[in-house]
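This report follows the strand pairing of one chain. Keep the sequence and the structure open while reading.

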Amino acid sequence: MEYALEIEKFDKKVLDKSISRIYFGDAFCQNLIPNKKVLLETYKKVIDIGKEFSFNTPFLNDDNINKELSNIECLYNYNKNFEIIENDYGLLYEIRTKFPDIKLNLGRLLTKQKTDPNIIKK
């Protein structure tokens, strides 16, 4: 079984030996896209301690698709061993076109996953 942790910044919780994967980035708000410097620093630290890295991306407008593509290119140029949790079809298309070997997973916004048991009414 894989244990993961979603973080907003690198801290000592990441060092827990039971955690094998780190999720970074906001999956819901395009106003919380990390800047390249913070993203790359976090990625380097996660890789250095031997953990897997997953980058969350939100639903995006056209301007922010370019910003997120720039972030992905920054990670890709450093090390191609990461995955993207994808929540926008436009960004999905661009990633597949420009970075065909990046591992992608559809996020909650695209899989229609019901996360609250109170949502389902019988």
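In which sense do S2 and strand S3 pair, and over how many bridges? S2 and S3 (residues 52–56) pair in the parallel sense, over 4 bridges. The model is predicted.

Start with the S2/S3 pair. Arg21 stands opposite Glu52 in S3. Tyr23 faces Ser54 of S3. Between these two strands, the chain leaves S2, passes through helix H1 (residues 36–48) and enters S3. This β-α-β crossover is right-handed.

Now the other partner of S2. Strand S1 (residues 4–7) runs parallel to strand S2 (residues 21–24), and 4 bridges join them. Here Ala4 stands opposite Arg21 in S2. Arg21 thus has a residue opposite it in S1, Ala4, and another in S3, Glu52.

The facing residues are listed below.

| Residue | Stands opposite |
|---|---|
| Ala4 | Arg21 in S2 |
| Arg21 | Glu52 in S3 |
| Tyr23 | Ser54 in S3 |

Next, the whole sheet. It is open and holds 5 strands in the order S1-S2-S3-S4-S5. The pairing is parallel. S1 and strand S5 (103–106) are the edge strands, and each pairs on one side only. From one strand to the next, the twist averages 25 degrees.

A helix also packs on this sheet: H2 (residues 62–78). Helix H2 touches S3 and strand S4 (83–86). The direction of H2 makes about 170 degrees with that of S3.

As general background, strands of a sheet pair through backbone hydrogen bonds, either parallel or antiparallel. In this sheet the pairing is parallel.

Key. Residues are numbered from 1 along each chain as its sequence is written. This is a predicted model: local features need pLDDT of at least 70, side-chain atom pairs count only at pLDDT 80 or more; totals for chains, interfaces and linings use all residues. Side-chain values use heavy atoms; hydrogens and water are left out. Two strands pair if DSSP finds at least two bridges between them. A crossover is right-handed if, with the strands pointing away from the viewer, the path from the first strand over the helix to the second runs clockwise. Axes are lines fitted to C-alpha atoms, for helices over the stretch in contact, and angles run from 0 to 180 degrees between N-to-C directions. Contact means heavy atoms within 4.5 Å.
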